Amino acid sequence: MKTPPLPRQAPGLPSLNAPRLAILVAGGSGTRMGADRPKQFLLLRGEPVLLHTLRRFADPALRVAEMVVVLPKDQLTTWQALCAEFAVTIPHRLVAGGGTRWASVKAGLAALVAYPEGLVAVHDGVRPLVSRAVVERTYAAAATHAAAAAAVLPKDSVRLVSPHGSAAQNRSRLRLMQTPQTFEIDLLRRAYAMPELANFTDDATVVDDLCRVQLVEGDYRNLKITTPEDLLVAEALLSSGSAG
Ligand SMILES: Nc1ccn([C@@H]2O[C@H](COP(=O)(O)OP(=O)(O)OP(=O)(O)O)[C@@H](O)[C@H]2O)c(=O)n1
Ligand SMILES: C[C@](O)(CO)[C@H](O)COP(=O)(O)O
């Protein structure tokens, strides 16, 4: 009997065994947290926020081949000291970030030059509670759509404000963007080769002009540690064992 041909991949999509890569961006200064150090180094249940995030991506079930951690250029030694203090053995490459999140992602991407193909997840180093399921969903969707991002529905009512007042919005048509945002690596390279724009607050927005970004279900527990109360909520979720 003749063997049926293997399903063809659409042009531009990675091969089925393309390596999974990750860029954890932790190059920010944490202005809104107002702490004595960047929030990625604050302790959450006794360990740095960034270590929690790194550990989530080091889950063997996710099969991530290489991780790049982007840090503020003057904080590389802080992280190295923390790695020694907390006996971190998870392999990762360190890269100095830039003045904006966009510049930090671009620096992280440059460190993956050895990979002509692959799926690269970009994740905020300050989203330490991301679940394996959410990460897996973005890699799987990126394998078939080239671009995927985690998102959740707003839980509150939403209004658009203007100088004339405010107008109610249909929240069922809105999504709150999370990370990971995961892409075929050449697509992400082409997107990040373009000039930075002021509205580039996430990677989906950088890729938008080149490719439709497939949204996948995020998780309300995948919170971004931004202000002090986020740390309290993260502590509570971890302590209750409900943080995935
Ligand atoms: N120049 C920058 C700015 C931000 N980030 C990273 O992007 C993620 C999301 O950014 P945000 O929460 O805004 O972090 P900060 O910039 O540190 O916070 P703030 O805006 O309050 O200063 C964080 O993991 C942050 O470290 C980065 O890698 N490089
Ligand atoms: C990438 C992001 O976490 C998606 O929600 C977010 O856009 C980062 O935004 P910030 O302005 O750096 O807080």
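# A tour of two ligands and a helix pair

Begin at ligand 2 in this predicted model, and select the residues around ligand 2, which are Arg101, Asp124, Met177, Gln178, Thr179, Thr201, Asp202, Lys224 and Thr226. If you colour this shell by class, you will find one nonpolar residue, four polar residues and four charged residues. Which strand gives the largest share of the shell around ligand 2? That share, three residues, comes from strand β10, which covers residues 176–184.

Stay with strand β10, since Pro180 is found in this strand, and show the backbone there. The peptide bond that leads from Thr179 to Pro180 is cis, and its omega is near 10 degrees. This deserves a second look, for most peptide bonds are trans.

Next, move to ligand 1 and select its surroundings. Of the 21 residues around ligand 1, the ones that come nearest are Gly27, Gly28, Thr31, Arg32 and Ser104. Divided by class, the shell around ligand 1 holds four nonpolar, 13 polar and four charged residues.

Now select two helices together, α3 (residues 101–110) and α5 (residues 185–192). Two packed helices are described by the angle between their axes and the distance between the axes. Here the axes of α3 and α5 come within 11 Å and cross at roughly 135 degrees, and α3 and α5 are therefore oblique to each other. The crossing in which α3 passes α5 is left-handed. To see where the helices touch, show the side chains of Val105, Lys106 and Leu109 in α3, which meet Leu188, Arg189 and Tyr192 in α5. The residues of this contact divide into four nonpolar and two charged, with no polar residue.

Continue to helix α7, residues 228–239, which has twelve residues. From its first C-alpha to its last, helix α7 reaches 17 Å, close to the 16 Å expected at 1.5 Å a residue. Just after α7, pick Gly241, where phi takes a positive value of about 75 degrees.

For the last stop, select Arg45, which lies in the loop between β2 (43–44) and β3 (47–48). What is phi at Arg45? Phi of Arg45 is near 50 degrees, a positive value in a residue other than glycine, whereas most residues other than glycine have a negative phi.

Key
Residues are numbered from 1 along each chain as its sequence is written. Chains are lettered from A and ligands numbered from 1 in the order in which they are written. This is a predicted model: local features need pLDDT of at least 70, side-chain atom pairs count only at pLDDT 80 or more; totals for chains, interfaces and linings use all residues. A residue is near a molecule or strand if its C-beta atom, placed from the backbone, lies within 6 Å of it. Ala, Val, Leu, Ile, Met, Phe, Trp, Tyr, Cys and Pro count as nonpolar, Asp, Glu, Lys and Arg as charged, and the others, Gly among them, as polar. Axes are lines fitted to C-alpha atoms, for helices over the stretch in contact, and angles run from 0 to 180 degrees between N-to-C directions. Helices (H or I, at least four residues) and strands (E, at least two) are DSSP runs, numbered from the N terminus. Angles under 35 degrees count as roughly parallel, over 145 as roughly antiparallel, 65 to 115 as roughly perpendicular and the rest as oblique. A crossing is left-handed if the near helix is turned anticlockwise from the far one by less than a right angle, and right-handed if clockwise. Two residues are in contact if their C-beta atoms, placed from the backbone, lie within 7 Å. The expected span of a helix is 1.5 Å times one less than its number of residues.
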